[in-house]
Amino acid sequence: MALEFHNIEPVYDENSKILILGSFPSVKSRETGFFYGHPQNRFWRVVAAVRNEAVPETIAEKKAFLLRNGIAVWDVIKSCDITGSGDSSIKNAVPNDISVILKTAPIERIFCNGATSYKLYKRFLEPETGMTAVKLPSTSPANAAYSLDRLIDEWKI
């Protein structure tokens with residue numbers, strides 16, 4: 001277990017209406033320097049399907065997709081002790097300050113990508129923001145109970 005720090009800047013602008021929060025970037029995402037960087041993570045396929053768009057491939061395409069669709073993305077955790085990429089190993093979590101996004105963007109709804117981000121949002125951030133979040137099933141490959149089609153159906157909310 002090692003202390004890791006979040007190394008990816010949030011994506012948002014003054015038109016972002018939806019905020020999607022993950023828990024903490026995977027090893028692959030930290031290496032690539034962008035959200036949901038593991039090729040087996042289904043996030044990009046799910047959000048592209050929900051918006052009826054092609055799946056963005058490059059970081060520039062992914063940022064443009066998010067901003068064009070009014071979506072802000074960040075993670076609940078700024079730093080934590082973690083083994084590999086497993087949310088179940090997260091200890092000593094320190095939350096990100098999402099007020100920077102909320103002060104800039106007219107966020108109407110907050111969605112959490114998976115149970116861990118939802119639990120940590122409720123614990124650390126909801127008391128600060130006063131905004132309830134919606135828990136969505138994780139797009140992680142570890143969430144084998146959900147097929148791609150089932151994820152897309154759930155994420156249509």
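How many bridges join strand 1 to strand 4, and in which sense do the two run? I counted four bridges, and the strands run antiparallel. Strand 4 covers residues 77-82.

**Ground rules**

I am working on a predicted model, where local features need pLDDT of at least 70, side-chain atom pairs count only at pLDDT 80 or more, and totals for chains, interfaces and linings use all residues. Residues are numbered from 1 along each chain as its sequence is written, and side-chain values use heavy atoms, with hydrogens and water left out. Helices (H or I, at least four residues) and strands (E, at least two) are DSSP runs, numbered from the N terminus. I take two strands as paired if DSSP finds at least two bridges between them.

**Entry: the three-stranded sheet**

I looked up the strand order first. This open sheet reads 1-4-5, with antiparallel pairing. Strand 1 (2-5) and strand 5 (91-95) are the edge strands; each has a single partner, so one side of each lacks a neighbour in the sheet. The twist from one strand to the next averages 15 degrees. Angles run from 0 to 180 degrees between N-to-C directions, with axes as lines fitted to C-alpha atoms, for helices over the stretch in contact. For the register of strand 1 on strand 4, I noted alanine 2 opposite isoleucine 82.

**Entry: threonine 83**

Next I checked the loop between strand 4 and strand 5, where threonine 83 is found. Its relative accessibility is 43%, so it counts as partly exposed. My classes are buried under 20% relative accessible area, exposed over 50%, and partly exposed in between (1.4 Å probe, protein chains only). Leaving aside neighbours within four places in sequence, threonine 83 is in contact with Met1 and Ser89. Contact means heavy atoms within 4.5 Å. I also took the C-alpha separation to serine 23, 60 residues apart along the chain: 14 Å.

**Entry: the four-stranded sheet**

The second open sheet has the order 3-2-6-7, with parallel pairing. Strand 3 (71-75) and strand 7 (133-136) are its edges, each with a single partner strand, so one side of each has no neighbour in the sheet. Direction ignored, neighbouring strands here are turned by 25 degrees against each other on average.

I then went through the pairs. Strand 2 (residues 18-22) and strand 6 (residues 109-113) pair in the parallel sense over four bridges. Strand 6 and strand 7 are also parallel, joined by four bridges. In that pair, isoleucine 110 stands opposite alanine 133. The chain goes from strand 6 through helix 5 to strand 7, and this β-α-β crossover is right-handed. I call it right-handed if, with the strands pointing away from the viewer, the path from the first strand over the helix to the second runs clockwise.

Is strand 6 largely enclosed or left open? Four of its five residues are buried, so it is largely enclosed by the rest of the structure.

**Entry: leucine 21**

Leucine 21 lies in strand 2. It is buried, with a relative accessible area of 0%. Its bridge partner in strand 6 is cysteine 112. Not counting residues up to four places away in sequence, leucine 21 touches a list of residues including Tyr36, Trp74, Ile98, Cys112 and Tyr121.

**Entry: helices 5 and 6**

Helix 5 (residues 115-129) lies across strand 2, strand 6 and strand 7, at about 165 degrees to strand 7.

Which residues of helix 6 (residues 148-155) are buried? I found Leu151, Ile152 and Trp155. Down the helix axis they fall within an arc of 100 degrees, so they line one face. The arc is that of the directions from the helix axis to the C-beta atoms. Asp149 and Asp153 are exposed on the other side of helix 6. The buried residues of helix 6 pack against strand 2, helix 2 (43-50), strand 6 and strand 7.

**Entry: positive phi**

Most residues other than glycine have a negative phi. I logged two asparagines with positive values. Asparagine 52 has a phi of about 55 degrees. It sits in the loop between helix 2 and helix 3 (59-68), and is exposed at 72% relative accessibility. Asparagine 92 has a phi near 50 degrees. It lies in strand 5, and is exposed with a relative accessible area of 58%.
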